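This report describes the architecture of one protein structure for a reader who has the sequence and the coordinates at hand. Please consult both while reading.

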Amino acid sequence: MTADSPRDDGLEWALSRGIGALAEKMGFEWVTFTADRAVARIPVEGNTQPVGLFHGGGYVVLGESLGSMHANFLAGPGRLAVGVDINATHTRSATRGWVTGECIPLHAGRTLTVHEIVVRDDDGRRCSTVRITNMIRDLAG
């Protein structure tokens, strides 16, 4: 985290920034947001494949939204984090309730961040593991 980035108002910062149209359409809700971790959830209903399973792309949307927002929080004012790599391994299918992602930074450097997002169903079972790498750049101007 840079010296001039926010430290105690992470959830307020995330709520004021917005999450983007796609995550909003999917029903994305923040649970917590600190310098150490970010947690959010998405409902299964309305985000399924034709056979009733939570869509694999939904896990990636949740992971990318969490990881990118957290990387931008850590980057601080005057800097922008942009995704350069993302991957997901799905190990279980959610069919009801919510999926909740917990995002933690594995590496938070000056120019690069790596976050791991573990997505679980309402029973606490791991459904997907997402890893995202963000490059941090200075904003022009």
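The sections below take up the sheet, its strand pairs, the helices, one tryptophan and the cysteines.

## The sheet

The structure is a predicted model. Its 6 strands form an open sheet in the order β1-β2-β4-β5-β6-β3, and the pairing is antiparallel. The edges are formed by β1 (29–33) and β3 (79–90), each of which pairs on one side only. From one strand to the next, the twist averages 20 degrees.

In general, the strands of a sheet pair through backbone hydrogen bonds, in either a parallel or an antiparallel manner.

## Strand pairs from β1 to β4

At one edge, β1 and β2 pair in the antiparallel sense over 4 bridges. A hairpin of 4 residues connects β1 to β2. Within this pair, Trp30 has Ala40 of β2 as its bridge partner.

Strand β2 also pairs with β4, in the antiparallel sense and over 6 bridges. Here Ala40 has Gly101 of β4 as its bridge partner. Ala40 is thus named in two bridges, one with Trp30 and one with Gly101. How enclosed is β2 by the rest of the structure? Of its 6 residues, 5 are buried, so β2 is largely enclosed.

## Strand pairs around β6

Strand β5 (residues 112–120) runs antiparallel to strand β6 (residues 126–138), and 9 bridges join the two. The bridge partner of Val118 in β6 is Thr129. The hairpin of β5 and β6 has 5 residues between the strands, and in this hairpin Gly124 takes a positive phi near 80 degrees.

Strand β6 is also joined to β3, by 11 bridges, and these strands likewise run antiparallel. In this pair, Ala81 has Ile136 of β6 as its bridge partner.

## Helices on the sheet

Helix α1 (residues 10–17) packs on the sheet and touches β1 and β3, which are the edge strands. The direction of α1 makes about 150 degrees with that of β1.

Helix α3 (residues 56–75) comprises 20 residues and reaches 28 Å from its first C-alpha to its last, close to the 28 Å expected at 1.5 Å a residue. This helix lies across β1, β2 (38–43), β3, β4 (98–108), β5 and β6, running at about 35 degrees to β6. Because 17 of the 20 residues of α3 are buried, the helix is largely enclosed by the rest of the structure. Gly76 follows α3 and has a positive phi, near 90 degrees.

## Packing of α1 against α3

Two packed helices are described by the angle between their axes and the distance between the axes. For α1 and α3, the axes come within 11 Å and cross at roughly 115 degrees. The crossing of these two helices is right-handed.

Which residues meet where α1 and α3 are in contact? Gly10, Trp13, Ala14 and Arg17 in α1 meet Met69, Asn72 and Phe73 in α3.

## Surroundings of Trp98

Trp98 is found in strand β4. Beyond residues up to four places away in sequence, Trp98 touches Gly27, Glu29, Arg41, Ile42, Pro43, Val44, Arg120, Asp121 and Asp122. Trp98 and Asp122 are 24 residues apart along the chain, while their C-alpha atoms are separated by 6.0 Å.

## Cysteines

A disulfide is a covalent bond between the sulfur atoms of two cysteines. How many disulfides does a search of the whole structure find? The search finds 0.

Why do Cys103 and Cys127 form no such bond? The closest cysteine sulfur to that of Cys103 lies in Cys127, 17 Å away, which is too far for a bond. For Cys127, in turn, the closest cysteine sulfur is in Cys103, at the 17 Å that is too far for a bond. A disulfide would require the two sulfur atoms to lie within 2.5 Å. Cys103 counts as buried because its relative accessibility is 0%. Cys127 is buried as well, with a relative accessible area of 0%.

Notes. Residues are numbered from 1 along each chain as its sequence is written. This is a predicted model: local features need pLDDT of at least 70, side-chain atom pairs count only at pLDDT 80 or more; totals for chains, interfaces and linings use all residues. Side-chain values use heavy atoms; hydrogens and water are left out. The expected span of a helix is 1.5 Å times one less than its number of residues. Buried means under 20% relative accessible area, exposed over 50%, partly exposed in between (1.4 Å probe, protein chains only). Two strands pair if DSSP finds at least two bridges between them. Axes are lines fitted to C-alpha atoms, for helices over the stretch in contact, and angles run from 0 to 180 degrees between N-to-C directions. Contact means heavy atoms within 4.5 Å. A crossing is left-handed if the near helix is turned anticlockwise from the far one by less than a right angle, and right-handed if clockwise.
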